[in-house]
Amino acid sequence: MRSAPLPFAGLRTRAGTLTLILALSFTVRILWIAISQWQPTPDDDAYRYDMAARSLAGGLGYIHLTGDPTAFWPPGYSLLLAGGYLLFGQHIEVAQTINALLGTATVGLVYLIGLRLFGTRPALIAAAITALFPSLIFFTAVTTSEVAFTFFALLGVLMLIIEAQSLRDGRRDLRWLLAAGAVLGFASLIRGQALLLPLVLIPFWWRCRIDRSGIADGVVALALGMALIVAPWSIRNSIEMRAPVLISTNAGIDFWIGHHESARGDYGPTGGDELVFSHPELDSVGREVRANNEGFRKGVTYALSHPREELALPFKKLFWLYYNDEEGLRWNEGHGGQEFLSAPTRDFLLTLSNVYYFTIAGVLLLGVPLWFSLRDPGRLLLISLVLYWTAVHLVFFGDPRFHAPMMPIAALLAALPLAALRFGLPEEAVPEEPFEAQPAV
């Protein structure tokens, strides 16, 4: 049964509450940036993203520390920062402000997704959870790709939900899918793990009662939209790197990190140094391409020849992916390179981050009967996104930094039991524009 339309007073209250949540989200992020006083430190991803953005803004192209062309890091985040640097100057505060704006916009996307899937109250609760998630706030101050990737991935998800809910008589507006594909294509240029996201949509569309032909059309339209964004970069790589490179050359190294004789499931003590610094007889470009190719080859060879060890590695990777939520703060410290907090304050913030994270995880577990459904398309989509993201990192390696993009999804799922605990199960818990699907399990 549908809920009655909200009165204008209710609409104003909802808009006012959302405005307060968004204002709070932006304020705490700006305050954290001011407190952190973070600056890039050499030899980590945050420094390289910033350096690449400055090189692009200065007209030098996408180059390595050596000044040679590179494709080692996905370019999307650096391209985004480069636009800000061109407009407002090459100041780290510009990058941090972009992060703060994208982080706050992500809170808005969480609300819009929750509104369409679950209703007003769960949507507001999920937005508030995301706005105050400590690790997501901490990542705002550093030039890593988590904040930007999360925004573009969720924007693509929202567009796909809107498209699916607007279907009439099985007819599709492929322009929505092309646009969503373009958004997800840019997300793939930020984090290559998004490349296969269209596969997650297959069970979602199936539950939306789209037939096989419609699903095939949707996958093709999404893939085309993604290709329009990714292909120019791939062509650039083929020219500059003198070899086919779809997005980045670190994929093979990351695969090897997760599949070699000393693999522990995490990044390991030296990462991919054994591959990165091999073949000194080659130039920088040649070494990069060779390391990428050898990473995949050696990783597959190890996996096939050591089946017993391979069976244990996914469990180790799963542990390292989700075992704590401290990486946001640790990146602000440069992992010990630029400590800026007193020991008691640092310990308090680390504890706060973990307590918040595990509290949401506990609510998720207790609320399984409310959010778990393989019949309801919206719930199935969110579950599929978490499973896909987890599976990707079981293929490569686990690190708690990598689970950050899934925290808004966790907030959406946790909002259902929290709303039920606070308000019961009113009719408003039904989506305002529900899918035409069978009742949830």
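Trainee: What share of the contacts in the protein with a separation of 6 or more comes from residues 24 or more positions apart?

Mentor: Keep in mind that this is a predicted model, and that a contact here means heavy atoms within 4.5 Å. Among the contacts with a separation of 6 or more, those between residues 24 or more positions apart in the protein account for 78%.

Trainee: How many helices and how many strands make up the secondary structure of the protein?

Mentor: The helices are numbered from the N terminus, and α7, for example, covers residues 146-165. Taken over the protein, the secondary structure comes to 0 strands and 19 helices.

Trainee: Which radius of gyration does the protein have, set beside that of a compact globule with 441 residues?

Mentor: The C-alpha trace spans about 70 × 55 × 50 Å along the principal axes of the protein. For 441 residues, a compact globule would be expected to have a radius of gyration near 22 Å, and the protein agrees with this, since its own value is 22 Å.

Trainee: What percentage of the 441 residues of the protein count as buried?

Mentor: A residue is called buried when its relative accessible area is under 20%. The protein still exposes about 19700 Å², of which carbon and sulfur atoms supply 66%. Of its 441 residues, the part that counts as buried is 54%.

Trainee: Which residue forms a salt bridge with arginine 191, and are the two buried or exposed?

Mentor: In this salt bridge the closest N and O atoms are 3.0 Å apart, and the partner of arginine 191 is glutamate 146. The pair links distant parts of the chain, 45 residues apart, with arginine 191 in the loop between α8 and α9 and glutamate 146 in helix α7. Because buried means under 20% relative accessible area, arginine 191 at 5% belongs to that class, and glutamate 146, with 2%, is likewise buried.

Trainee: Which residues are linked with Glu146 and Arg191 in a network of salt bridges?

Mentor: The structure holds 11 salt bridges, and the pair of arginine 191 and glutamate 146 is one of them. The network that contains Glu146 and Arg191 also includes Asp45 and Arg401.

Trainee: Where does arginine 242 lie, and which residue does its side chain meet in a salt bridge?

Mentor: Arginine 242 is found in the loop between α10 and α11, and its phi is near 60°, a positive value in a residue other than glycine. With a relative accessible area of 55%, arginine 242 is exposed, whereas its partner, at 40%, counts as partly exposed. The partner lies in the loop between α12 and α13, so the salt bridge ties together parts that are 41 residues apart in sequence. The side chain that arginine 242 meets, at 3.0 Å from N to O, is that of aspartate 283.

Trainee: Which residue in the loop between α12 and α13 has a positive phi although it is not a glycine?

Mentor: The residue has its place in the loop between α12 and α13, and its phi is about 55°. The residue with this positive phi is histidine 279.

Trainee: Is arginine 330, which meets glutamate 326 in a salt bridge, buried or partly exposed?

Mentor: The side chains of glutamate 326 and arginine 330 come to 2.6 Å, N to O, in their salt bridge. Glutamate 326 has 14% relative accessibility and therefore counts as buried. Arginine 330 has a relative accessible area of 25%, so this residue is partly exposed.

Note on methods: Residues numbered from 1 in each chain as written. Predicted model: local features only at pLDDT ≥ 70, side-chain atom pairs only at ≥ 80, totals over all residues. Heavy atoms only, no water. Salt bridge = Lys/Arg side-chain N within 4 Å of Asp/Glu carboxyl O. Helix = DSSP H or I, 4+ residues; strand = E, 2+ residues; numbered from the N terminus. Buried < 20%, exposed > 50% of the residue type's maximum accessible area, 1.4 Å probe, protein only. Rg over C-alpha atoms; globule rule 2.2 N^0.38 Å. Areas by Shrake-Rupley, 256 points an atom, 1.4 Å probe, with all protein chains shown as cover.
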